[in-house]
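Biologist: Please take a close look at one part for me. I would like to understand a single contact between domains, and then the ligand.

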Amino acid sequence: MRRREFLGFSVSIFAGASLCPMAISRGDTEGVTIKTLDGGVISLDGAALRELKAGMHGEFLIDGMPEYETSRHIWNAAIDRHPAVIIRCADSEDIARAVRFVKRHNALLSVRAGGHNHVGFAVCDGGVTIDLTRLAGVEVDASAKAAKAGGGTTFGVYDSATHESGLASTGPIISMVGLGGYTLGGGIGWLHRKLGLGCDNLVSAEIVTADGEIVTASAQSNPDLFWAIRGGGGNFGIVSSFKYRLAPVKDVLAGLIFYRLEDLPKVAAHVREFNAGAPDDVCVWMMMRKAPASPALPTEMHGRPVATVAVCWAGDLETGEKVVKPLRQFGQPLIDLVKVRPYPDWQKALDPAWGNGFRNQWVGHYLPELTDAAAQTMLEHVSMVSSPFTDVKLATMGGAVARVGENDTACGFRDSKYALVIQTRWKDPAESAQHLAWTQGFFDAMKPHGAGKVYVNFVADEGENRVADAYNAGAMARLRKIKAKYDPGNLFRMNQNIRPG
Ligand SMILES: Cc1cc2nc3c(=O)[nH]c(=O)nc-3n(C[C@H](O)[C@H](O)[C@H](O)COP(=O)(O)OP(=O)(O)OC[C@H]3O[C@@H](n4cnc5c(N)ncnc54)[C@H](O)[C@@H]3O)c2cc1C
């Protein structure tokens, strides 16, 4: 790990972050063919690439260069795209230069941060990918309870850094996810009921707009843009750095309580009752799947269909033992793994089941309530689950999320009580049709239990009507206006796209 001045604050530069200017490369002499936004192609010669490279701190990669192959692969192995050029930016000036290059050539553009968007928006076929993975540093100001992080940082890095000061902000339940796509889409996890959504923790962001300008978005500066990026995804520019407010969170009382899948209706009813009076410091997820072959579980449980209650208490630990007790005493659990642990340890606890190399399809619904009928439908479909790697998760919402005004950020539907995500996961491409059919059947069966609304980071490649289901009508109209102001040509379109209004 090395340190350097970055965006005016000192940050840690992590693995793979060479600081040399771009090396002489194949692109110096050979040109590339790039797809354009209007569906055409253009040929760029070595001179155009040399011009891009001049003065950059990062590098670009084209097919045949070392690291091109590893850089084009993302978390979802079903995505196998070949960008014509991958521009690995080292700072916001690099991003601005890259955006101007893309705009000048009207090139198709994708933006990659943590690379964990399941739809695969991070990479494009034949276009330009702006890769932010080198902007992966975190600077914590413990006295101000604030952290600034590069736009390509992942949560494992971020949470470890803030934890050193006994502080945290809301992050996801898997540590490899990028701050970028997560925060811009909203952001739920273990702490959202206590601290609000990930985007509610955002204080300001440095953004490169479609014109290649570097601007700040905050409550004081470009407030319309600040409103839009808190839920509106990557539609409005490329965030080179995020600044978050932090809150004291050190150790949590957290873990999984496993039940037989057939107990799901009773367990769901109990979770519903528990949540009705639960304080904000506690967050419960339900997880339904075949138990993974984890060393934390007895071997006789491996592969067995289970309904799991995942609980995280992030307040005073003595109080937490009392609050969480009714969950732990309910029914006949197969195993109870709840214990006190550092927050980053819990945040990483599920990582082993979520690595790269699998094909994935995710779909979701917000549920207004966890009814008996919804639990029954989940039981029926999880009982027929087609892949041992698939998981179905139901996050409890409410708490601090619901206390932010519906129109204070672009991320709406703050009164939703539960967020469901069906996470279908498999290895063999020959099995794709069977797993996709199971997913669609389950998704359709859950529709009557939802309200037609969805969390945008759980939307698949479902078209603009489904994207519209992630926003209330007023928010969508406002997002389209702001899009027209900041990106009238829809340069940033490889995302859950909001067309300029
Ligand atoms: C294993 C796993 C676990 C997850 N767990 C959770 C969870 O607990 N809670 C939750 O809310 N979500 C969760 N998600 C969903 C996740 O938040 C989204 O998929 C998110 O888009 C991933 O962000 P990323 O930066 O890793 O993705 P990328 O694929 O790199 O980025 C996705 C898109 O976001 C935009 N983007 C990303 N960074 C920037 C930036 N700096 N500036 C501008 N645009 C940018 C771009 O349009 C980009 O194409 C999970 C996803 C996975 C795969």
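Modeller: Here is the contact between two domains, followed by the ligand site. The model is predicted: local features need pLDDT of at least 70, side-chain atom pairs count only at pLDDT 80 or more, and totals for chains, interfaces and linings use all residues. Residues are numbered from 1 along each chain as its sequence is written, and side-chain values use heavy atoms, with hydrogens and water left out.

Start with the layout. The domain assignment gives domain 1 (20-131), domain 2 (138-248 + 471-486) and domain 3 (251-461). Such bounds come from an automatic or database domain assignment. Take domain 1 and domain 3. Their centres, over C-alpha atoms, are 37 Å apart. Eight residues of domain 1 and 14 residues of domain 3 make the contact (heavy atoms within 4.5 Å).

Now the area. About 870 Å² is buried between domain 1 and domain 3. Buried area is the accessible area (1.4 Å probe) that two parts lose on being put together, summed over both. Carbon and sulfur atoms carry 52% of it. On the domain 1 side, Trp75, Ala77 and His118 supply 64% of the area buried against domain 3, more than any other three residues.

Next, the polar side. Six residue pairs are in polar contact between domain 1 and domain 3, both residues at pLDDT 80 or more. A polar contact is a pair of N or O atoms within 3.5 Å; within protein, one must be able to donate a hydrogen and the other to accept it, and residues adjacent in sequence count only if both atoms are side-chain atoms. Salt bridges between domain 1 and domain 3 number zero (a side-chain nitrogen of Lys or Arg within 4 Å of a carboxyl oxygen of Asp or Glu).

Last, the ligand. It is surrounded by 32 residues (a heavy atom within 4 Å). Val111, Ala113, Gly115, Ile188 and Tyr455 are the closest. A polar side-chain atom of Tyr455 lies 2.6 Å from a ligand oxygen atom. A polar backbone atom of Gly181 is 3.1 Å from an oxygen atom of the ligand.
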